[in-house]
Amino acid sequence: MKKIIFLLLAVFAIFGCSSKNKSFTLTVTAQEDAELTDGSAVALTYRAKVGEKDSTFIFKAPLQNGVATIKGSTDGIYRAGLYILESIDSQIEGRAAAMLFLENTNYDIAIGRDEIEVNGGGELQKVSDSLSKLVNNLYEEANFKALQDAYMADRENNALLDSLMKVGSKLQEDAIEITNSYIAANPTSIYALNDANDNKYYISVDSLRGLVSLFENDGKLLNSNLFQALKSTLSERESVA
């Protein structure tokens, strides 16, 4: 627990500024081991409410000399999927290669054979990436992948299964503690607001009302689409309570 708190101190100190840009730019670079050639393409897609309707926004760009650039603008912060396509005309199918918190700022994305690295983005993207790295480090230190591989090679070994379950359960608890610790230290941050939106249908109306009041009293994020979505859900749930 002390180690988790120590690691979080760096995250607490780094972020606090929101993007003031009026547009976004994604610069996507294919690494040599990605085996992507010119003619391949990338696509970015997200859903947003326009008036009373949900609309899907799609941006595509071809790889040229191993680089694709997507430019656009958005009126808030949205979860967006990044897809790798065989060509600019290919349909967007399956699971996204990476998920982003898209807002009007710059992103540098490196596509490798086994992983995609995202640099840049706004505060929400950066905090989420930093916390995810802390969690990934815990899994690496616990040699969780080696435990999984050992069990997959010997599924009749109950001792291996028990060890895998025990370590996995502890790692999940630590991951939740990382998130909760950040939110406790930054209760009115954009990360805390996004987490509130993720859980707005799973908490009581009184708890949701308390969260809305918390952000209203703070005042910094009242014009964000995330706060408006949270407030709208409160009204919706109060009307049927």
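## Pairing and the model

Two strands are said to pair if DSSP finds at least two bridges between them. Leucine 26 is one residue in such a ladder: it stands opposite tyrosine 107 in E7. In general, strands of a sheet pair through backbone hydrogen bonds, in either the parallel or the antiparallel sense.

The structure is a predicted model. Its chain has 241 residues, and the secondary structure comes to 7 helices and 8 strands.

## The mixed sheet

One open sheet holds 4 strands in the order E4-E1-E7-E8, and its pairing is mixed. Strand E4 (67-72) and strand E8 (116-120) are the edges, each pairing on one side only. Neighbouring strands here are turned against each other by 15 degrees on average, with direction ignored.

Going through the sheet from the E4 side, strand E1 (residues 24-30) runs antiparallel to E4, and 6 bridges join the two. Threonine 25 has lysine 71 as its bridge partner in E4. E1 and E7 are paired in the parallel sense, over 6 bridges, and the leucine 26 and tyrosine 107 pair belongs to this ladder. E7 and E8 are antiparallel over 5 bridges, with aspartate 108 partnered by asparagine 119 in E8. These two strands form a hairpin, with 4 residues between them.

## The two faces of strand E7

Which side chains of strand E7 (residues 106-111) are buried, and which are not? The side chains alternate along the strand. Tyr107, Ile109 and Ile111 point to one face and are buried. Asn106, Asp108 and Ala110 point to the other face and are not buried.

Two of these residues also appear in the bridge pattern. Tyrosine 107, on the buried face, is opposite leucine 26. Aspartate 108, on the other face, has its bridge partner, asparagine 119, in E8.

## The antiparallel sheet

A further open sheet, also of 4 strands, has the order E3-E2-E5-E6 and antiparallel pairing. Its edge strands are E3 (53-62) and E6 (98-102), and each of them pairs on one side only. The twist from one strand to the next averages 30 degrees.

Strand E2 (residues 41-50) pairs with the edge strand E3 in the antiparallel sense over 10 bridges. Within that ladder, valine 42 stands opposite alanine 61 in E3.

## Arginine 95

Arginine 95 lies in the loop between strand E5 (78-85) and E6. Is this residue buried or exposed? Its relative accessibility is 82%; the cut-off for exposed is over 50%, so arginine 95 counts as exposed. Its C-alpha atom is separated by 22 Å from that of glycine 72, and the two residues are 23 apart along the chain. Glycine 72 is the end residue of the range given for strand E4 (67-72).

## The chain as a whole

The C-alpha trace spans about 55 × 50 × 35 Å along its principal axes. Buried residues make up 40% of the 241 residues. Among contacts between residues at least 6 apart in sequence, 64% join residues that are at least 24 apart.

The accessible surface of the chain comes to about 14400 Å², and carbon and sulfur atoms account for 49% of that area. The chain carries 23 positive and 33 negative charges, and the mean positions of the two sets are 6 Å apart.

Definitions and conventions
Residues are numbered from 1 along each chain as its sequence is written. This is a predicted model: local features need pLDDT of at least 70, side-chain atom pairs count only at pLDDT 80 or more; totals for chains, interfaces and linings use all residues. Side-chain values use heavy atoms; hydrogens and water are left out. Axes are lines fitted to C-alpha atoms, for helices over the stretch in contact, and angles run from 0 to 180 degrees between N-to-C directions. Buried means under 20% relative accessible area, exposed over 50%, partly exposed in between (1.4 Å probe, protein chains only). Contact means heavy atoms within 4.5 Å. Accessible areas come from the Shrake-Rupley method with a 1.4 Å probe; for residues, only the protein chains shown count as cover. Lys and Arg count as positive and Asp and Glu as negative; His and the chain ends are not counted. The place of a charge is taken as NZ of Lys, CZ of Arg, CG of Asp or CD of Glu.
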